[in-house]
Amino acid sequence: MDIFERINHDAGGPLGQYWEKAHGYYMFPKLEGELGPHMKFQGKECLNWSLNNYLGLANHPEIRKVDGEAAVRWGLAYPMGSRMLTGHTALHEQLERELADFEKKEDAFLFNFGYQGIVSTIQTLLTRADVVVHDKEAHACLIDGCMLANKAERLSYRHNDIAHFDKVMQRATEITNQTGGGILVITEGVYGMTGALGNIGELVEMKKKYNFRLMIDDAHGFGVTGPTGRGTSEHFGVMDGVDLYIGAYAKSMAIIGGFVAGPKTIINYLRYNMRSQIYAKALPMAIVEGCLKRLEIIRGAEGDRLRAKLWEVTRALQDGFRNLGFEIGPAEACVTPVFMKGGVVQATNIVIDLRSNYNIFCSTVTWPVVPKGVLMFRIIPTAAHTLEDVEYTLKVFAEIKAKLDAGEYDKGDMIDMSIK
């Protein structure tokens with residue numbers, strides 16, 4: 001069959017099957033206006049809980065000034081080409097040194113894109129003799145990296161289940177005893193859908209029993225978690241026990257890119273072997289300079305102030321939901337999932353009510369991301385939100401829950417809200 005013919009007859013997969021009704025409203029929505037907690041959706045101002053702008057740096061005046069001046073100074077093209085051949089600069093090296101120092105590692109290597117860099121890191125580290133062990137709820141980039149990892153054996157353990165991890169490690173050890181390979185364990189510092197923390201401390205403790213290297217993807221923890229924002233490994237007091245630390249700029253720094261930090265020899269190996277960085281354009285100077293400023297703020301008194309504000313808003317929101325009887329799971333980090341019962345019909349009706357009548361915008365997740373019969377509203381507090389925003393949101397969700405329980409969202413099929 002012709003490839004295009006097959007695709008034209010396909011429903012589009014679990015998400016794409018809804019594109020005709022969903023595009024532009026439920027999926028690929030257009031938020032407009034100044035980036036922040038209050039934006040416009042379809043011409044109306046809404047309270048926005050869907051930005052990974054944890055510390056509010058996206059519109060911080062010092063950041064906007066540095067970003068603007070750097071763009072004028074360097075443009076967005078420089079440096080051209082890959083870093084290995086023509087795109088290496090002193091500023092790239094400076095950012096790597098400062099990130100390594102911040103994470104208390106010997107060296108660090110920049111990614112031009114976080115997702116791409118994580119996939120390539122895993123792929124570069126492993127051979128067919130090795131075994132990679134990961135949490136079953138690991139992010140898609142980690143799964144993709146494992147799937148592309150040179151035919152290395154891939155094993156998974158139940159989410160944050162250290163007893164099951166123990167059993168899986170027994171199997172991984174048996175395999176590597178036969179192949180002569182090593183074991184790489186991968187987990188997340190913060191799970192971005194549920195706000196649960198990875199059990200980093202327990203995994204580090206298991207290194208006393210098994211011979212493995214531990215890599216954590218701390219995209220949602222970097223800059224935010226821990227006393228000084230060094231991440232989830234700092235929160236658990238096990239920075240030395242994490243062999244490779246990966247941070248993404250997209251959350252706390254509110255910009256594109258990421259990095260991996262670890263032993264100098266390993267980072268240098270990645271630097272010279274990661275295909276996604278060797279054969280791709282270097283991170284532009286304007287972004288590198290902007291990241292240096294962001295890291296300066298994160299490490300200083302302003303970073304302490306912004307983290308305190310973020311956690312004040314987060315705790316008020318999470319405590320409020322729990323006091324109202326909502327199920328939000330562990331929600332130990334900033335990401336706050338709000339679970340309700342229902343399917344696609346209820347989800348779409350609630351989304352329309354939230355956006356059109358209450359002027360609240362938040363992401364909504366249904367099956368297959370969560371089990372059938374479960375709705376999840378993903379709310380992301382930031383340092384730019386206020387306690388008044390929290391109070392209003394809690395009031396609205398209490399009303400939404402009452403309507404759901406009364407069956408007011410049960411009628412009809414998925415409503416066509418697409419923008420043609």
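# From helix 16 outward

Helix 16 covers residues 387–405, a run of 19 residues. Its first and last C-alpha atoms lie 27 Å apart, close to the 27 Å expected at 1.5 Å a residue. The model is predicted. The buried residues of helix 16 are Asp-389, Val-390, Thr-393, Leu-394, Val-396, Phe-397, Ile-400 and Leu-404. After helix 16 comes Gly-407, with a positive phi near 85°.

Helix 16 also holds a salt bridge between Lys-401 and Asp-405, in which the closest N and O atoms are 2.8 Å apart. Both residues lie in this helix, four residues apart, or about one turn. Lys-401 is partly exposed because its relative accessibility is 30%, a value between the 20% and 50% cut-offs. Asp-405, at 56%, counts as exposed. Elsewhere, salt bridges with shared partners link Arg-83, Glu-96, Asp-107, Lys-264 and Arg-271 into one network.

The salt bridges number 22 in total, counting a side-chain nitrogen of Lys or Arg within 4 Å of a carboxyl oxygen of Asp or Glu. One of them joins the side chains of Lys-209 and Asp-166, at 3.0 Å from N to O. Lys-209 sits in the loop between helix 9 (200–206) and strand 8 (213–217), and Asp-166 sits in helix 8, so this pair ties together parts 43 residues apart in sequence. Asp-166 is buried, since its relative accessible area is 18%, under the 20% limit.

Lys-207 forms another salt bridge, with Asp-243, and here the closest N and O atoms are 2.8 Å apart. Lys-207 belongs to the loop between helix 9 and strand 8, whereas Asp-243 belongs to the loop between helix 10 (232–235) and strand 9 (244–248); the pair therefore ties together parts that are 36 residues apart in sequence. Lys-207 counts as partly exposed at 24% relative accessibility, while Asp-243 is buried at 13%.

The protein as a whole has 16 helices and 14 strands. For 420 residues, a compact globule would have a radius of gyration near 22 Å, and the protein agrees with this because its own value is 22 Å. The C-alpha trace spans about 60 × 55 × 50 Å along its principal axes. Of the 420 residues, 53% are buried. Among contacts between residues at least 6 apart in sequence, 70% join residues at least 24 apart.

Gly-75 gives an individual case of a separation in sequence set against a distance in space. Gly-75 and Ala-286 are 211 residues apart in sequence, yet their C-alpha atoms are 7.0 Å apart. When residues up to four places away in sequence are not counted, Gly-75 touches Ala-70 and Ala-286. Gly-75 is found in the loop between helix 4 and helix 5 and is partly exposed, at 23% relative accessibility.

The backbone has some features that call for a closer look. Most residues other than glycine have a negative phi, and most peptide bonds are trans. The peptide bond joining Tyr-78 and Pro-79 is cis, with omega about 0°. Pro-79 is found in the loop between helix 4 (61–74) and helix 5 (90–102).

Positive phi values occur at Phe-28 and Asn-160, each near 55°. Phe-28 is in the loop between helix 3 (19–22) and strand 1 (31–32), and counts as exposed because its relative accessible area is 63%, over the 50% cut-off. Asn-160 lies in the loop between strand 6 (153–157) and helix 8 (162–179). Its relative accessible area is 24%, so Asn-160 is partly exposed.

At the surface, the protein exposes about 19,200 Å², of which carbon and sulfur atoms supply 55%. Ile-3, Phe-4 and Ile-7 make a nonpolar surface patch of about 350 Å². Ile-7 lies in helix 1, residues 3–9. Ile-7 is partly exposed, with a relative accessible area of 48%; patch residues need over 30%, so Ile-7 meets that condition.

Conventions
Residues numbered from 1 in each chain as written. Predicted model: local features only at pLDDT ≥ 70, side-chain atom pairs only at ≥ 80, totals over all residues. Heavy atoms only, no water. Patch = residues over 30% accessible without salt bridge, like charges linked within 9 Å, V, L, I, M, F, W, Y side chains within 5 Å. Areas by Shrake-Rupley, 256 points an atom, 1.4 Å probe, with all protein chains shown as cover. Helix = DSSP H or I, 4+ residues; strand = E, 2+ residues; numbered from the N terminus. Buried < 20%, exposed > 50% of the residue type's maximum accessible area, 1.4 Å probe, protein only. Contact = heavy atoms within 4.5 Å. Rg over C-alpha atoms; globule rule 2.2 N^0.38 Å. Expected span 1.5 Å × (residues − 1).
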